[in-house]
Structures are given as structure tokens and as C-alpha cells.
Amino acid sequence: MTSPQAPQVPETAPRTTAWIPRPGRAREGPRPVVVGLDPNPSHRWALDWAADEADRRGLPLRIVYAQGLPTVRVTQADLLPSWEQWNRSLHEAGELALGDAVAYVEDRHPQLMVTVELAEGEPSWVLREQAPEASLIVLGSRRLSTGRELFTSASVALPVIAHAPCPVVVVREPEHTAGEPPHFVVGVDGSAEAAGALDFAFAEAALRGASLRAVSVWHPAFLRNRDERAGHEAMLEAELTQLVSEREAAYPAVKAGHEVVLGHPVHVLGEESARALGIVVGTRGLGGFTGMLLGSVSQGVLHHARCPVITVPLAGKRRAEA
């Protein structure tokens, strides 16, 4: 007998089942690194990145698997046998995928504290619900040009980025350094929002023992003559130099460089991503880098980047670290 399709129901809060793989692992404590699980074993780049980051930070890892629309809330008497079997099969498949993921992570990092969440609901909704108690949200991406993301929905990454009060990391392929000394790239436009991204980038570079490259991108089309362009570039250079120098004292081990680049943010960051450990940008700004992840430029960056893209929300939106 063919299993029924899920009914069209309005988006509601996901019904989540906590499943702790080993006795003695509690959910209380430091905010975890949360990763959305792709059950395909050949697409574990986000899981790798999240597990490694949690281990570096000394934080627990929470693996989340969302199973689509919530099931209908009906009484047991009203539940058809075929629907009940369909629902049970989904849960069994989810628990199996989570169990495999836990075993994989524990083999990679035996001492890492790992918990999992099996949830019914739209993946973007589920992850947005996880975000207030997370240190980071990590998502995978299978080439956004195909319209597919970690949870087979092209609408997952941007809603999570727009609403999460914590940084969100989108990982599209295995981590690489392209033969260069490991470094991060941070997009800076001089705003307060970009300053938050710069703070995160310095901290992440220090955590990795990596260097940092701060980039300010601008296009001269709106300026009328060469003198105006030269003056604008000099202003950007001065602002960028000040922002970087203000943070170098707090992170003396981080070798930081900076550059004002002529071009389009999507193209410039796409080129930078081929050699970087990650691209760090702010969100909710007035324009440039800080506003780009809410519109077409954001989709371009996520499409073209060949390294993880780390988005950092407004300073007022982030909670103080525990």
C-alpha cells in the first residue's frame, strides 16, 4: 500500500525529540555548536567543520535532523494505520542517520560531548529555534546553483542567516588552504556591523593559528572624476587601517593584512575564497558587505564561494558570551 503524502499544514513550532546517544550526557552547560545533518555519508563537510570547531572551542556539538512538515495532531483513534507506519518509518530513519553521525563524530573526536535532536518541522524553522541557545549554526550546501541545500530546500540558509542571533556558517565543500598559509578573509565597509565581523574574524584566526586579510571592496562608477575616486579610496584605506590596528593589540599572534580592492563584492570574495579557510561578513548593515547577505549579493557569495561563508549578526542582536 502506498504511503500517504504529508498534508499541507501551516508552519508551526517543530515538535522536537531529544535523543542522547550515551548515558550521562546532559544538555546543560555551554552553548553548543549546532549543525544541520545531511544523512548522506558522502556529504559530511558541514558535520566535519562543526565537529572540528566544537573541539577547538571546547564546546559541545549538537546534531540536528529535521524531517519536513510536522505531522498532523490527531488522536490515536483517528490515526490511519498507513499514516502511523509512515511516521514511524521517518523516525526510525532519522534515528539511524543520527546514530551514524554520532559514531562518525566520536571516531573523529572521542572526547567531544555530542547530543542530537530529531525534529518534525521545516528545516529553517527548526534551526532558527535552535539558534538562541547556540554558539554557532553550521549548514551544508550542495552547490546552490542547483536549488538544493542541506535539507533539500533552497530557502534554508538565508532565513537562518537573517534571523539567527548567533553566527551562521555555510559549508559547501571540504576545508582547504590551496597550498597557502592558512588565512581568513573578512569583508569590511567601515560600519559598526562590519566591525563585529572583524572582531569574530580576528578571534577565529587566533583560534586556528591562522592569519587574517581584511578587504574593503568598492566600485568607482558613482564617482565623477579621478580626484574624487582617489579621495574616496584614501578614505577607505584610512578607515580600514584604523579598524585593523585597533584589534591587533588584542590578538598579537594574528598576522593581519588589509587592502582596498576595486570591483564587485561577489567577484572579489569569490576570488578570495579559492585560497581562504573562510570568508567572514556582517549582516543587517546599510550596504556593502554588511547588508549583502539579505539580498542578491548574498546569494551570489554563497553560490561562488569555495570555502565556508561565516555571517555575523548585528552586535545588538548577539548575546553576550556565557
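**Buried cysteines and a helical aspartate**

Cysteine 307 is buried, its relative accessible area being 1%. The model is a predicted one, and a good place to begin reading it is with its cysteines. Cysteine 166 is likewise assigned to the buried class, at 3% relative accessibility. Both assignments follow from the cut-off: a residue counts as buried when its relative accessible area is under 20%, and so the 1% of cysteine 307 and the 3% of cysteine 166 qualify. When the whole structure is searched for disulfides, zero are found. A disulfide, as a reminder, is a covalent bond that links the sulfur atoms of two cysteines.

A helical residue comes next. Aspartate 48 lies in helix H1, which spans residues 45-57. With a relative accessible area of 16%, aspartate 48 is buried, because the class takes in values under 20%. Leaving aside residues up to four places away in sequence, aspartate 48 is in contact with Tyr104 and Arg108.

These residues can now be set against the protein chain as a whole. The chain has 322 residues, and 49% of them count as buried. Its secondary structure is made up of nine helices and eleven strands. As for how the chain is joined through space, contacts between residues at least 6 apart in sequence were considered, and 81% of these join residues at least 24 apart. Finally, the accessible surface of the protein chain amounts to about 15,100 Å², with 53% of that area belonging to carbon and sulfur atoms.

Methods
Residues are numbered from 1 along each chain as its sequence is written. This is a predicted model: local features need pLDDT of at least 70, side-chain atom pairs count only at pLDDT 80 or more; totals for chains, interfaces and linings use all residues. Side-chain values use heavy atoms; hydrogens and water are left out. Helices (H or I, at least four residues) and strands (E, at least two) are DSSP runs, numbered from the N terminus. Buried means under 20% relative accessible area, exposed over 50%, partly exposed in between (1.4 Å probe, protein chains only). Contact means heavy atoms within 4.5 Å. A disulfide is a pair of cysteine sulfur atoms within 2.5 Å. Accessible areas come from the Shrake-Rupley method with a 1.4 Å probe; for residues, only the protein chains shown count as cover.
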